[in-house]
Amino acid sequence: MPPETHLLAVSTVLFLIGCVGVLARRNLLVVLMAVEIMLNAANLAFAAFARARGAMDGQVVVFFVIAVAAAEAAVGLAIVVALYRKRGTVNIDRFTSLHQ
């Protein structure tokens, strides 16, 4: 098993990749995938800290984050499909106003 510092380094890199994906991309599906990468990076950090402390509370938080990520994916994909049907695109720049 790798040491906690390596796990935290991988978690940091994954979180930065997710941040760049959210900030730089204009496709709504790619933004949702980047958010999932960020949530998985947080899960990895929680699991690493839980292992380092020898406690189970970090793993419980990981299960909570997985549940939130599943709900976010379901709701997010439903919104993306609805927006695509209404406007014909998933480009974020086209969704400046939701009342049109």
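Where does Val90 lie? Val90 belongs to the segment after helix H3, and to place that segment the reader needs a picture of the whole chain. This is a predicted model, in which local features need pLDDT of at least 70 and side-chain atom pairs count only at pLDDT 80 or more, while totals for chains, interfaces and linings use all residues. Residues are numbered from 1 along each chain as its sequence is written, and side-chain values use heavy atoms, with hydrogens and water left out.

The secondary structure of the protein chain amounts to three helices and zero strands, where helices (H or I, at least four residues) and strands (E, at least two) are DSSP runs numbered from the N terminus. Read from the N terminus on, the elements follow the order α-α-α. The radius of gyration, taken over C-alpha atoms, is 17 Å, well over the 13 Å that the globule rule (2.2 Å times the number of residues to the power 0.38) gives for 100 residues, so the chain is more spread out than a compact globule. Along the principal axes, the C-alpha atoms fill a box of roughly 50 × 25 × 20 Å. Buried residues, meaning those under 20% relative accessible area with a 1.4 Å probe and protein chains only, make up 25% of the 100 residues.

Helix H2 covers residues 28-53, and because its 26 residues at 1.5 Å a residue (the expected span being 1.5 Å times one less than the number of residues) should span 38 Å, the 38 Å between its end C-alpha atoms agrees with expectation. At the N-terminal end of H2, Asn27 acts as a cap, with a side-chain oxygen 3.0 Å from the backbone nitrogen of Leu29. Just after H2, Gly54 takes a positive phi of about 70 degrees. The buried residues of H2 include Leu28, Val31, Leu32 and Met38, together with Asn43 and several alanines, among them Ala34 and Ala50. Helix H1 (4-24) and helix H3 (57-87) are among what covers these buried residues.

With the helices in place, the text can return to Val90. Val90 is buried, because its relative accessible area is 17%. Leaving aside neighbours within four places in sequence, Val90 is in contact (heavy atoms within 4.5 Å) with Arg26, Asn27, Leu28, Val80, Tyr84 and Phe95. Of these partners, Asn27 is the residue that caps H2, and Leu28 is one of the buried residues of H2. The C-alpha atoms of Val90 and Ala52, by contrast, are separated by 42 Å, although the two residues are 38 residues apart along the chain.

Terms used. Buried < 20%, exposed > 50% of the residue type's maximum accessible area, 1.4 Å probe, protein only. Polar contact = N/O pair within 3.5 Å; in protein donor to acceptor, adjacent residues only side chain to side chain.
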